[in-house]
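Reader: I'd like to go through the sheets and a helix pair of this fold with you, one step at a time. Can we start once the model is up?

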Amino acid sequence: MRAKAFALSSVILAASSPALAQSAMDRAAAAADAAVDTGTTFQDGTINDVVTPFETANPPESGMNHTSFEDRIIQMRDADNDQGRVLRATEDSSQIRPDVDIDGQGELFDDANWAHENADDIAGQYFTSETGACTTPEIPVSDLRDEFCESLPRRQTRSCDLIRNIWVDRTDEYRCDKRAANFVKVCEKVASYTCEINTNANACIASKVRIEGGEVTWNGNEATLSLPAPAQKPEASIHWQTPPTTAYATLAKHDFTISFSDRFQPSSVLLKTVTAGGPVQIIGDDGLPITTVASSVVSTFGTASSYWNQYYPEDSEDGLLVPMNAWEDRGHGLRTWLEAWIVKLPLKEDCTFDPYCNSQIDTLAEETVLESGWDITNEVPVIWSFGWLTNYSIFALVNQNTSVTRNVIRFLQLGHFNEADPTGAERFYENRMTARVVYNNVTPQNGAAELTFEFEGACCDSFTDNGAELCE
């Protein structure tokens with residue numbers, strides 16, 4: 001753009017224009033002759049006249065309103081006189097005149113300002129003794145003549161930074177819709193409940209733990225289950241050499257259940273004490289022994305080794321507690337020994353001398369009693385054997401265990417619900433258990449038993465709904 005400005009300046013400096021010799025009056029007259037015919041308004045004779053200002057106290061336009069002004073303009077535009085022609089010419093010129101958009105901050109003005117500020121330097125680089133000089137001959141002003149001078153300009157490349165500051169105005173438009181009176185509302189309720197205890201935790205546990213099969217008494221969080229004594233069983237013959245008798249070892253099986261409400265989450269169930277009138281064994285819901293106790297245990301029990309170990313139990317939970325009546329001479333003549341055994345393998349009976357049967361350990365059995373689920377069916381099992389053979393299944397003698405009380409401290413793994421449904425009916429999870437007591441039939445009260453349990457855990461008597469409803 002600056003190169004263009006240089007060329008323009010060169011022409012201005014080099015050209016000799018005779019028009020400068022004309023007076024202002026001559027130029028105005030020439031322009032008036034070329035203009036639209038306006039009658040005598042702009043003529044040579046009148047252009048030199050000076051219009052003297054005047055004042056009209058009451059001009060014709062003073063009584064016109066805005067509507068009359070518009071009508072008057074239309075009349076003037078349509079009139080066939082000098083005034084009408086001048087108005088039409090002026091309006092036509094305004095309509096057809098091209099619009100020129102001149103940017104005061106554009107490059108044209110930048111170049112013009114630069115050329116103006118550096119005019120001496122620009123002219124100097126074109127017309128010097130080194131690059132050639134232009135001379136204007138002495139010719140009359142009226143004689144038109146063009147003189148051209150050529151010079152190669154020195155070019156420079158410059159870079160500029162254009163910084164623009166931009167401001168943005170944000171306009172937000174909102175639209176409000178009125179919802180109909182009837183519409184669908186989607187709601188979601190967040191479930192949240194609070195556990196409520198009516199009195200205290202122990203009372204809650206007592207109401208949410210059900211123990212059935214005997215009489216139950218509660219003391220805090222401890223429950224004592226009293227299992228009743230069985231009725232006395234009829235007389236039976238131990239051997240053909242002895243008369244029928246009620247004095248024989250037999251078994252009392254007490255089935256009971258412990259059930260937990262889904263409102264109770266047990267963290268600990270402890271079997272604390274066992275009391276009975278003979279050796280006693282507690283069987284869990286899975287059919288396996290939890291504990292077996294007696295006040296006096298035979299010293300040889302569980303001591304079998306080497307070959308015999310496969311037929312006899314290692315401890316009191318390695319088999320099932322059963323009664324046994326041994327007809328043996330143990331140094332003081334033949335007599336009946338009332339015993340409690342722990343049998344690892346099932347018993348088999350030989351009834352060759354029916355109605356008298358002899359019980360023996362089935363050493364050919366492929367499964368243990370805990371694997372097969374075997375249990376004794378004869379209420380008066382009898383064994384005839386030689387007293388000098390050691391029987392490692394004998395756990396205790398009944399006459400030495402007529403009063404058994406032991407602090408067993410066994411933690412029980414009982415089933416229960418992992419969560420409660422506050423909106424549903426209360427549910428109970430049942431655990432079936434058995435207490436086996438071997439006692440002398442002469443004293444049936446010894447077949448009773450008493451078990452004490454302790455319960456710990458979270459308990460709720462009821463639930464309070466704290467859920468919030470969220471709607472869209």
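Author: Sure, and one term comes up right away: two strands pair if DSSP finds at least two bridges between them. Also keep in mind that this is a predicted model.

Reader: Which strands form the open sheet of five, and in what order?

Author: The pairing in this sheet is antiparallel. Its edge strands, β4 (215-219) and β16 (404-411), each pair on one side only. Neighbouring strands are turned by 20° against each other on average, direction ignored. Reading across, the order is β4-β5-β18-β7-β16.

Reader: Which residue takes a positive phi in the hairpin of β4 and β5?

Author: β4 and β5 pair in the antiparallel sense over five bridges, with Thr217 opposite Thr224 in β5. The hairpin has two residues between the strands. The one with a positive phi, near 70°, is Gly220.

Reader: What is the bridge partner of Leu227 in β18?

Author: Strand β5 covers residues 222-227 and β18 covers residues 449-459. The two run antiparallel and are joined by six bridges. Within β18, Leu227 has as its bridge partner Ala449.

Reader: And on the β7 side, what is the bridge partner of Ala276 in β18?

Author: β7 and β18 also run antiparallel, and 11 bridges join them. For Ala276, the partner in β18 is Ala449.

Reader: Which residue of β16 stands opposite Thr273?

Author: Here we get to the pair of β7 and β16, where β16 is an edge strand. They pair in the antiparallel sense over six bridges. Opposite Thr273, in β16, stands Asn407.

Reader: Which helix packs on this sheet, touching β4, β7 and β18?

Author: The helix in question spans residues 201-208, and its direction makes about 115° with that of β18. On the sheet it touches β4, β7 (264-276) and β18. That helix is α8.

Reader: On to the other sheet, then. What order do the strands of the open sheet of four have?

Author: The pairing is mixed in this one. β14 (382-384) and β15 (394-397) are the edge strands, each pairing on one side only, and the twist averages 40° from one strand to the next. The order is β14-β10-β11-β15.

Reader: Which residue in β11 stands opposite Glu328?

Author: Strand β10 (residues 320-329) and strand β11 (residues 334-343) run antiparallel, joined by 10 bridges. Opposite Glu328, in β11, you'll find Arg335.

Reader: Now the helices. Which residue caps the N-terminal end of α5?

Author: Helix α5 (residues 82-96) has 15 residues and reaches 21 Å from its first C-alpha to its last. That is close to the 21 Å expected at 1.5 Å a residue. At its N-terminal end, a side-chain oxygen lies 3.3 Å from the backbone nitrogen of Gln83. The residue that provides this oxygen is Asn81.

Reader: Are α4 and α5 roughly parallel or roughly perpendicular to each other?

Author: The axes of helix α4 (residues 66-78) and α5 come within 6 Å and cross at roughly 100°. Angles of 65 to 115 degrees count as roughly perpendicular. The two helices are therefore roughly perpendicular.

Reader: How many charged residues are there in the contact of α4 with α5?

Author: From α4 come Ile73, Met76, Arg77 and Asp78. They meet Gln83, Gly84, Leu87, Arg88 and Glu91 in α5. Three residues of the contact are nonpolar and two are polar, and the number of charged ones is four.

Note on methods: Residues numbered from 1 in each chain as written. Predicted model: local features only at pLDDT ≥ 70, side-chain atom pairs only at ≥ 80, totals over all residues. Heavy atoms only, no water. Axes fitted to C-alpha atoms, helices over the stretch in contact; angles between N-to-C directions. Contact = heavy atoms within 4.5 Å. Expected span 1.5 Å × (residues − 1). Polar contact = N/O pair within 3.5 Å; in protein donor to acceptor, adjacent residues only side chain to side chain. Parallel < 35°, antiparallel > 145°, perpendicular 65-115°, else oblique. Nonpolar A, V, L, I, M, F, W, Y, C, P; charged D, E, K, R; others polar.
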